Amino acid sequence: LPGVALQELWGLMRTAETALGAISILVVLGGILCMLTMLLAGLNQRRREMAILRAIGASPLFVSMIFTVESLLIALASCILGLLLLYGGMVILQPIIENHFGLFIPITLPSSNEWVILIIILTVASIAGLLPTILAYRQTLADGMNLKI
């Protein structure tokens, strides 16, 4: 009888873990969409800069790298901050959880699956940086040079 109860408990925990994983995916996608919105909003402010770069002979690769590297750096900073907050919270809360609930949560380095997830997040963020690149490069030189400040 205890085995059946434990099996039901683990099944419930598996369902909760799946739900939290889905919520995490939605949060990451929301963050990437916010980053993309921020890059697109900043694109209008940088139209003259892009036009000047194109006028002096910047290659399409260089212009695309500006936005791609910017989105990659934002995502990298977000991942590092997330890891710092996670481990900082674990260091602070581990003794409290152990004392109050008798549950020891070990602090370990991220697993290989978690590293893969971080790499996927960075890759998707880099790909998201391509949309502002396409829009920036489609603007004509005349449009950028005639822009009123």
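These are my notebook entries on a predicted model, covering helix packing, cores, salt bridges and a few single residues.

**Entry 1: H2 against H3**

I began with a pair of helices. Two packed helices are described by the angle between their axes and the distance between the axes. For H2 and H3 I looked up an angle of about 150 degrees, and axes 10 Å apart. Anything over 145 degrees counts as roughly antiparallel, so H2 is roughly antiparallel to H3. Next I wanted the residues that do the touching. On the H2 side I noted Met50, Leu53 and Arg54, and on the H3 side Phe62, Val63, Ile66 and Phe67. I sorted the residues of this contact by class and got 6 nonpolar, 1 charged and no polar.

**Entry 2: H4 against H5**

Then I went on to helix H4, residues 112–128, and helix H5, residues 130–138. How far apart are the axes of H4 and H5? I found 4 Å, with a packing angle of about 15 degrees. Angles under 35 degrees count as roughly parallel, so that is what I wrote down for H4 and H5. The contact has Ser126, Ile127 and Ala128 from H4 meeting Leu130, Leu131 and Pro132 from H5. By class, I have 5 nonpolar residues, 1 polar and no charged ones for the contact of H4 with H5.

**Entry 3: the nonpolar cores**

Which residues make up the largest nonpolar core? My list has 10 residues: Ile32, Met35, Leu39, Ala75, Cys79, Leu118, Ile121, Leu122, Ala125 and Ala128. I checked where they come from, and H1 (2–45), H3 (60–101) and H4 each supply at least two of them. H4 gives the most, with 5 residues. I picked Ile32 for a closer look. Setting aside neighbours within four places in sequence, Ile32 is in contact with Ile121, Val124, Ala125 and Ala128. There is also a second, separate core of 8 residues, and I jotted down Leu53, Ala58, Phe67 and Ala136 as among its members. Leu53 and Phe67 were already in my notes, from the contact between H2 and H3.

**Entry 4: Ala128**

Ala128 has come up in two of my entries, so I gave Ala128 a page, citing its place in the largest core and in the contact with H5. Is Ala128 buried or exposed? I have a relative accessibility of 13% for Ala128, which is under the 20% limit, so Ala128 counts as buried. Ala128 lies in helix H4. Not counting residues up to four places away in sequence, Ala128 touches Ile32, Met35 and Leu36. I also looked up a distance to Val91, which is 37 residues apart from Ala128 along the chain: their C-alpha atoms are separated by 34 Å.

**Entry 5: Ser126 and Thr68**

Ser126 is found in helix H4 as well, and at 16% relative accessibility I have Ser126 down as buried. Leaving aside neighbours within four places in sequence, I found Ser126 in contact with Thr68, Ser71 and Leu72.

That sent me to Thr68, which has its place in helix H3. Thr68 counts as buried too, at 15% relative accessibility. Beyond four places in sequence, Thr68 touches Ser126, Gly129, Leu130 and Thr133. I checked one separation as well: Thr68 and Leu122 are 54 residues apart along the chain, and their C-alpha atoms are 11 Å apart.

**Entry 6: salt bridges**

I finished with charges. Side chains of opposite charge can pair when their charged atoms come close. How many salt bridges are there? I counted 2. One joins the side chains of Arg46 and Glu49, at 3.4 Å from N to O. The other joins Arg46 and Glu70, at 2.7 Å from N to O. Arg46 and Glu70 link distant parts of the chain, being 24 residues apart: Arg46 is in the loop between H1 and H2 (47–55), and Glu70 is in H3. Because they share partners, I drew Arg46, Glu49 and Glu70 as one network.

I looked up accessibility for the three residues last. Arg46 is buried, with a relative accessible area of 18%. Glu49 is partly exposed at 36%, and Glu70 is partly exposed at 26%.

Terms used: Residues are numbered from 1 along each chain as its sequence is written. This is a predicted model: local features need pLDDT of at least 70, side-chain atom pairs count only at pLDDT 80 or more; totals for chains, interfaces and linings use all residues. Side-chain values use heavy atoms; hydrogens and water are left out. Axes are lines fitted to C-alpha atoms, for helices over the stretch in contact, and angles run from 0 to 180 degrees between N-to-C directions. Angles under 35 degrees count as roughly parallel, over 145 as roughly antiparallel, 65 to 115 as roughly perpendicular and the rest as oblique. Contact means heavy atoms within 4.5 Å. Ala, Val, Leu, Ile, Met, Phe, Trp, Tyr, Cys and Pro count as nonpolar, Asp, Glu, Lys and Arg as charged, and the others, Gly among them, as polar. A nonpolar core is a set of buried Ala, Val, Leu, Ile, Met, Phe, Trp, Tyr and Cys residues joined through side-chain atoms within 4.5 Å. Buried means under 20% relative accessible area, exposed over 50%, partly exposed in between (1.4 Å probe, protein chains only). A salt bridge is a side-chain nitrogen of Lys or Arg within 4 Å of a carboxyl oxygen of Asp or Glu.
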